[in-house]
Amino acid sequence: MGTQKEWEIVRHTTMNNLEIFMVEMTARTPHGHDDLEIGVLLDGNLRLYLEHEQYELKKGDIYLINQHQVHSFWNAGEKNLILAFQIPTDFYRRLNYQLTYLHFESNVIRSGHLYACLTKQLQSCAGIYFSTQNFRELECSSIILHILHLLLECCPYTIASEREYRTAQNSSLRINRITEYIAQHHQELVSLEDIAEMEQITPCHASHFIRKTLGISFQEYLNDIRFDHALRLLSQTDLSLLDICLECGFSSSRYLNQMFDKNYGCSAKEYRMSLKKKKLPSRQEQTLPVSNIQKRYSFEMSSFLFHFNNSLMP
């Protein structure tokens with residue numbers, strides 16, 4: 001799958017106050033959205049990048065992503081399956097306006113009383129969501145409110161000021177625009193000045209913002225996107241190294257080889273030879289996901305996967 005737009009618009013087609021779905025995640029670039037997201041890793045392993053923190057999620061882990069909190073996912077190993085809950089802010093804002101600015105400090109829950117209670121409530125909510133019973137919207141809403149109450153009772157949280165909230169909102173919107181722009185223009189001579197002009201800020205401000213939000217520089221992120229594209233072309237086509245460089249935005253094969261050496265400890269030519277021998281070198285530590293590779297299941301398929309085994313949840 002190719003790179004997609006980074007401003008994630010969540011459509012609540014089944015219920016206005018909630019969307020639940022299954023997704024298999026390989027990679028998701030940094031992005032933010034307006035909803036509170038709660039996820040349960042039903043199977044496999046997954047790395048969650050959350051601002052400047054990394055979490056190695058394992059089967060059964062529950063994660064929380066606050067609204068407008070920039071995050072990304074990466075999985076280089078076995079397949080995984082996530083049961084994701086996305087709750088629009090308006091749902092609980094109407095009950096208590098202060099909750100507009102709610103920010104949970106704990107992002108991963110793995111054990112303890114809260115974990116057991118959340119697991120039970122999330123399983124119950126999903127079971128009702130994927131059922132055909134009457135007035136399921138009311139029951140799901142009731143469970144979600146109970147889950148929020150549990151979190152408020154047991155998890156450290158802050159209520160941000162309106163200024164802090166707007167800053168987080170603007171930052172997530174800005175990083176969505178920037179990552180989308182880089183993804184669309186990485187084959188060109190894209191520069192930090194282009195980003196600054198688009199955002200109507202100085203290049204210095206743009207550079208500082210990107211490093212602060214992503215944890216790496218503009219040039220590093222751009223090169224990682226170009227390398228990801230080159231890696232796919234090298235693996236899936238017979239294009240020459242020069243043509244791959246031109247296609248991906250590298251000015252010469254020297255820069256491409258530098259990226260291969262950084263990521264695999266070999267040259268591009270050596271990597272291609274290893275493909276033919278089916279003996280791929282091990283990849284070094286991934287800095288940040290730069291592509292969108294995920295399989296989000298339809299409502300019908302999500303329902304099937306959930307009901308396939310009533311004990312899917314730990």
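In helix α3, the buried residues are R136, C140, S141, I143, I144, I147, L148, L150 and L151. This is a predicted model, and α3 is a good place to enter it. The helix runs over residues 136-154 and has 19 residues. From first C-alpha to last it reaches 27 Å, close to the 27 Å expected at 1.5 Å a residue.

Step back from α3 into the loop before it. F135 sits there, between α2 (112-129) and α3. Its backbone calls for a second look. Most residues other than glycine have a negative phi. Yet the phi of F135 is near 60°, a positive value. Is F135 buried or exposed? With a relative accessible area of 62%, F135 is exposed, because the cut-off for that class is over 50%.

H68 makes a useful partner for F135. H68 is not a glycine either, and its phi is positive, at about 65°. It too belongs to a loop, the one between β5 (62-65) and β6 (71-74). Its surroundings are another matter: H68 has a relative accessible area of 6% and is buried. So a positive phi is found here in a buried residue, H68, and in an exposed one, F135.

Now move past the end of α3 to strand β10, residues 157-159, where Y157 lies. Which residues does Y157 touch, leaving aside its neighbours within four places in sequence? They are L102, H103, F104, E105 and L152. Take H103 from that list. Y157 and H103 are 54 residues apart along the chain, but their C-alpha atoms are separated by 5.5 Å. Y157 itself counts as partly exposed, at 38% relative accessibility.

Helix α5 comes next, and D194 has its place there. D194 is partly exposed, with a relative accessible area of 25%. Beyond its neighbours within four places in sequence, D194 is in contact with Y181 and L189. C266 gives a sense of scale: D194 and C266 are 72 residues apart in sequence and 33 Å apart in space, C-alpha to C-alpha.

Helix α6, residues 203-214, can be checked in the way used for α3. Its twelve residues should span 16 Å at 1.5 Å a residue, and its end C-alpha atoms are 16 Å apart, so the two values agree. Which residues of α6 are buried? They are A206, F209, I210, T213 and L214. These residues cover an arc of only 95° around the axis, and therefore lie on the same side of α6. The face turned away from that buried side carries the exposed residues C204, H208 and K212. What does the buried set pack against? The partners are β1 (19-31), α4 (162-185), α5 (192-199) and α7 (218-236). Just after α6 comes G215, with a positive phi of about 85°.

One of those partners, α7, leads onward. H229 is found in this helix. At 12% relative accessibility, H229 counts as buried, because the limit is under 20%. Setting aside neighbours within four places in sequence, H229 is in contact with H186, Q187, E247 and C248.

Helix α7 also meets α9. Two packed helices are described by the angle between their axes and the distance between the axes. For α7 and α9, the axes come within 10 Å and cross at roughly 90°. That makes α7 roughly perpendicular to α9. On the α7 side, the contact is made by N223, D224, F227, A230, L231 and L234. On the α9 side, L256, M259, F260, K262, N263 and Y264 take part. By class, this contact has eight nonpolar, two polar and two charged residues.

The last stop is α10. Helix α9 covers residues 253-264 and α10 covers residues 268-277. Their axes are 8 Å apart, and the helices pack at an angle of about 60°. So α9 and α10 are oblique to each other. From α9, the contact uses L256, N257, F260 and Y264; from α10, it uses A268, K269 and Y271. The classes here are five nonpolar, one polar and one charged. L256, F260 and Y264 deserve a final look, for they meet α10 and also belong to the contact with α7.

Methods
Residues numbered from 1 in each chain as written. Predicted model: local features only at pLDDT ≥ 70, side-chain atom pairs only at ≥ 80, totals over all residues. Heavy atoms only, no water. Axes fitted to C-alpha atoms, helices over the stretch in contact; angles between N-to-C directions. Helix = DSSP H or I, 4+ residues; strand = E, 2+ residues; numbered from the N terminus. Parallel < 35°, antiparallel > 145°, perpendicular 65-115°, else oblique. Contact = heavy atoms within 4.5 Å. Nonpolar A, V, L, I, M, F, W, Y, C, P; charged D, E, K, R; others polar. Expected span 1.5 Å × (residues − 1). Buried < 20%, exposed > 50% of the residue type's maximum accessible area, 1.4 Å probe, protein only. Arc of directions from axis to C-beta.
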